[in-house]
Amino acid sequence: MRDEDHRRSGAAGVGMDGGEEAVFGAGVHGGGGFVGDEQGHLGAVVTPVEGAGCGIPFTVNVLNGRERGLRVPGWRVFWVGEEWLAGLSRRDLETVGMRPGDPVFVAPDLRIDPILCRYGKSRRFRAYTVESKRNFSTDLTLLLTFLWSRGLSWLDAHKKDLDDFEDWRRRAPKNPERIGDAKWNRELAAFSGFFKWAKSEGYLTASPVATRRIVDERGAVLDVPVSLAPSGKSAKMHWLTPRTWRLWTDVGLRGHTQAGIPGLGWQGRLEDRNVAFVRLVLSSGLRRQEAGTLLTFELPGTSLPGNRYCRGTVAGAVTRSKATRTFYAATDAIGEVETYCESSRAWAVRKAQRAGRYDQLSGMRLVTKVTAGPRRVVHWVDWAGEAFQMPLERLTAADRIWMFTEGPDGPEPLWLWLNEAGLPFQIDSWEAVFRTANMRCQETLTPPRHLRPDPHRVYAPYATVHAARHSFALFALVVLNSVMDRRYGLSPAERRDFRLLYGDPWFMVQGLLGHATRQVTVDTYLAPVRHLQMESLLADVDAPSAGPLPDLDGVFSRIASTAETIQDIDTLLAPTGGTA
């Protein structure tokens, strides 16, 4: 295809000049997915079966490629589904070169851009994590839509166009959804990666992303985008104190009213799953992908001395650093996860088995054995009975979602978190769970006369999945400082010697979070409290007579009063007539 043909189609691929044959499927993340061939012909609409959750199986409705006049608001991205590809011959698969999880970019006139699809099949793009693929693809569609509104293809984009896009995204008064520095830097990374690839493949002579050369702290010479915003991570982070998390969980996930009881009509669908997930993340500091991709046999089962915490391992393939690490989770949090497995999860699995839902999954990998020892290996057979094996630490999210085991009543998913249909709950779907809980907290805890935004008073907590990780880090720092002082009765001088020998709480939290350096932990996550004199804060905290840890609500309240990014809401749920 010539560049001028691509431009004439408005960056949407070549014209739909016939053909009804579908070559690849899409639609993994819900909604309808389009299919077409490498020449940009629109071949079919792929729609997930209702309740299928992760987008499998599909129904396919063939469209006539000559149909015109259909429009969608902007560029969209769909995802190749494994179930659809399963119906193709090996020759067709080799010809198309698509894999499950590859993106398909569709223009507003429903044409598929073949070059963007080639980018989705590139080594660069496939090396990204599942989360990065989703984020970068979505970010790229925003720029494509902006260029489309100007009648431009991405092949025609210049520095001026990206400057205008940045101005609209970050500063334009008429844009009600302006973004911050961190979000812009992520979008810029998506654009830079794509245009760098396009230039290397000969589609462009120069990238519209202007760069400058710098030398980093290690002496390496790097080319970075000129419009890269200054790092401001610490200002964007927010935490919730332990009592505020308890309030958010009771109201947002358990449906409690201010009377402290479930509200009228509260059904509590998947309440135990959602509460268990939040408790696990909050007590372990795991990232969303790390906790969201756990398999059932990876759940920590061995308690440490004292029975307060359990030790587990998170596989390197699902971590940001790609390094396997140990994590610790509270025993009661693990107990809630186990209760979920024995109740609503087991019910969803039985229901899916009776409906024959698992029988339709030709991509299923039936695990036959998981070896013991420090380097565990997973053995499985595919639908055709062919045997495979792979170290557990190398299983990605895309691998894990297809792992099943043979149960008493047939195959069962090993993916820990399931939807009501008994299928794997997508990692990014946790955002919707938190968003719904935040809305319920707002509606329940904010008095009607104060529903309008008030910068001076916040009645309802607001939480995200990553906020649980930040809160874990803050809690761990405070508790580790307190435990050190109380357990060893150290003077300031003795404490310095102890830190030199065993490491201080900052290093401990660094290891728990999986950060590359101690400085990342200090600067990025714990900046709001690093200026505090922890010794003086903790000096007057009295430990309860029964229990090894102090009641730190007062300490967290004082920390929150000096850091605006920490939410501390002193609201007690009480029966009607009590104090709200």
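Just after helix α10, Gly255 takes a positive phi of about 75°. That makes a handy starting point for a walk through this predicted model, in which local features need pLDDT of at least 70, side-chain atom pairs count only at pLDDT 80 or more, and totals for chains, interfaces and linings use all residues. Residues are numbered from 1 along each chain as its sequence is written, and side-chain values use heavy atoms, with hydrogens and water left out.

## Two helices and the glycines after them

Helices here are DSSP runs of H or I with at least four residues, strands are runs of E with at least two, and both are numbered from the N terminus. The expected span of a helix is 1.5 Å times one less than its number of residues. For the 12 residues of α10 this gives 16 Å, and the end C-alpha atoms are indeed 16 Å apart.

How many of the 12 residues of α10 are buried? The count is 9, so the helix is largely enclosed by the rest of the structure. Buried means under 20% relative accessible area, exposed means over 50%, and partly exposed lies in between (1.4 Å probe, protein chains only). Among the buried residues of α10 are Trp245 and Trp248, along with Arg243, Leu247 and Val251.

Helix α6 (residues 130-149) has 20 residues and reaches 29 Å from its first C-alpha to its last, close to the expected 28 Å. Its buried residues include Phe136, Leu140, Leu143, Leu144 and Phe146, and also the charged Glu131, Lys133 and Asp139. After α6 comes Gly151, whose phi is positive, near 75°.

## Aromatic pairs

The model holds 23 aromatic pairs. Rings of Phe, Tyr and Trp (its six-membered ring) pair if their centres lie within 6.5 Å; planes under 30 degrees apart count as stacked, over 60 as edge-to-face and the rest as tilted. Tyr119 and Phe125 are edge-to-face, because their planes stand at 65° with the ring centres 5.3 Å apart. Tyr119 is buried at a relative accessible area of 2%, and Phe125 is buried at 2% too.

Trp154 and Phe194 form another edge-to-face pair, with centres 4.9 Å apart and planes at 75°. This pair links distant parts of the chain: Trp154 sits in the loop between α6 and α7, Phe194 in helix α8 (residues 181-200), 40 residues apart. Trp154 and Phe194 are both buried. Ring pairs join these four residues with Tyr128, Phe136, Phe195, Trp197 and Tyr203 into a cluster.

## Salt bridges

There are 29 salt bridges, each defined by a side-chain nitrogen of Lys or Arg within 4 Å of a carboxyl oxygen of Asp or Glu. Three of them are set out here.

| Pair | Closest N to O distance |
|---|---|
| Asp163 and Lys159 | 2.7 Å |
| Lys160 and Asp164 | 2.8 Å |
| Glu420 and Arg269 | 2.4 Å |

Glu420 and Arg269 connect distant parts of the chain: Glu420 lies in the loop between β15 (410-413) and α16 (430-445), Arg269 in the loop between α10 (242-253) and α11 (271-284), 151 residues apart. Glu420 is partly exposed at 27% relative accessible area, while Arg269 is exposed at 55%.

Why are Asp163 and Lys159 separated by about one helical turn? They are 4 residues apart in helix α7 (residues 159-170), which means a separation of about one turn. Asp163 is partly exposed at 30%, and Lys159 is partly exposed at 42%. Lys160 and Asp164 also lie in α7, 4 residues apart, about one turn of the helix. Lys160 is exposed, with a relative accessible area of 53%.

Elsewhere, Asp139, Arg169, Lys183, Arg186 and Glu187 are linked in a network of salt bridges.

## Gln353 and the cysteines

Gln353 sits in helix α14 (residues 344-354) and is buried, with a relative accessible area of 15%. Which backbone oxygen does the side chain of Gln353 reach? It reaches that of Gly410, at 3.3 Å. Contact means heavy atoms within 4.5 Å. Leaving aside neighbours within four places in sequence, Gln353 is in contact with Tyr358, Asp409, Gly410, Pro411 and Glu412.

Finally, there are 0 disulfides, a disulfide being a pair of cysteine sulfur atoms within 2.5 Å. Cys117 is buried at 1% relative accessible area, and Cys310 is buried at 3%.

Terms used. Polar contact = N/O pair within 3.5 Å; in protein donor to acceptor, adjacent residues only side chain to side chain.
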